Amino acid sequence: ADLQAVLQAVPAAVWIAHDAECRSITGNRTANEWLRLPEGGEASLTALEGARPTHFKVCQDGRELRSEELPVQRAARGIEIRGFEEEIVFADGTVRPILGNATPLWDEEGQLRGAVAAFVDITERKRAEQALRNSQADLTRAQAVGHIGSWRLNTQSNELIWSAENHRIFGIAEGTPLTYETFLATVHPDDREYVNRMWQGGLRGEPYDIEHRLIVDGKVKWVRERAELEFDQDNRLLGGFGTTQEITELKMAEEALREADRRKDEFLAILAHELRNPLAPIRNAVEILKLTGPADPTSRAARDMIERQLGHMVRLVDDLMDVS
């Protein structure tokens, strides 16, 4: 009586096959509710097959096995099944994912006398897993679009974990075991000491926001890395979490701007010198006109105008020289 009370109270669905052929099967209240069977009494295998799943999955040694038999039927043949997932599909299209175990029942002579199977509803877990997969897919897509990967380094185990985009940036295949030394080996030799010094400072709490070069497949890449430390509940250092942003195109654009600025400066300097050279003889000519030129008002006005405009040109060229 106590066992029956327990079976009716538990939120798991329990089926008991009372013979090896599963001709008589009893389900507890939860099992009958799940299968939409009348409460109490026995349910035949035919009634169970009315809600028969399309298949069920059995996890054994990491392999997925499929069978058209119900788990309780396999258990009644002496096969113990643990940790299998099953989808119960109803006529109206409703699907109920469940997780359970099934084990044979033996009599005193060691003969099979039935089986028992217990299940729990994993609908919410499946929804959460799908939501997590969707979220991870969105994050991976966002990182690929932004060329920003993420990483986590456990300083205690020296285990480095990269996102898919980080693997792409560094040119190392996913699944490759990673350590801090693996990362450091990809850094440009001229930047390696700087990066290591900045990371050691980061472990002491100093800001870690650096730009450096990588060597990937023989080519140079530029990245910007930022990180913050992670601690456990006892404030012990676990490691660091950070991001890697590929900035190769940005660096190339900056270099192009610097080169354009340098050429502009060279052009202005040359232009200023070329303009200044003819101004000296013009100034000398004006001085000669002032000493020997005619005294009529028209000529003096023209000479004075040339002198004023020459002064403006000298100031403009001087300003141009200052700019260059």
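## A walk through the fold, starting at Trp151

Let's begin at Trp151, which is buried, with a relative accessible area of 7% (buried means under 20%, exposed over 50% and partly exposed in between, with a 1.4 Å probe and protein chains only). The model is predicted, so local features need pLDDT of at least 70 and side-chain atom pairs count only at pLDDT 80 or more, while totals for chains, interfaces and linings use all residues. Residues are numbered from 1 along each chain as its sequence is written, and side-chain values use heavy atoms, with hydrogens and water left out.

The structure holds eight aromatic pairs (rings of Phe, Tyr and Trp, the last by its six-membered ring, with centres within 6.5 Å; planes under 30 degrees apart are stacked, over 60 edge-to-face and the rest tilted). In one of them, Trp151 meets Trp199 edge-to-face, at 5.9 Å centre to centre and 70° between the planes. This pair links distant parts of the chain, with Trp151 in strand β9 (residues 148-154) and Trp199 in helix α8 (residues 189-203), 48 residues apart. Helices (H or I, at least four residues) and strands (E, at least two) are DSSP runs, numbered from the N terminus. Trp199 is also buried, at 4% relative accessible area. Both belong to one aromatic cluster, together with Trp162, Phe170, Tyr180, Phe183 and Tyr208.

Helix α8 offers another link between distant parts of the chain: its Asp191 pairs with Arg213 in strand β11 (residues 208-216), 22 residues away. The two form a salt bridge, with the closest N and O atoms 2.9 Å apart (a side-chain nitrogen of Lys or Arg within 4 Å of a carboxyl oxygen of Asp or Glu). Asp191 is buried, with a relative accessible area of 11%.

The structure holds 26 salt bridges, and some sit within a single helix. Arg258 and Glu255 both lie in helix α9 (residues 248-292), three residues apart, about one turn of the helix; their closest N and O atoms are 2.9 Å apart. Here Arg258 is partly exposed at 47% relative accessibility, and Glu255 is partly exposed at 43%. Elsewhere, Glu85, Arg125, Lys126 and Glu129 are linked in a network of salt bridges.

Finally, visit Thr30 in helix α2 (residues 29-35). Thr30 is buried, at 9% relative accessible area, and its side chain reaches the backbone oxygen of Val10 at 3.1 Å. Beyond its neighbours within four places in sequence, Thr30 is in contact (heavy atoms within 4.5 Å) with Val10, Pro11, Ala12 and Ala13.

Conventions
A polar contact is a pair of N or O atoms within 3.5 Å; within protein, one must be able to donate a hydrogen and the other to accept it, and residues adjacent in sequence count only if both atoms are side-chain atoms.
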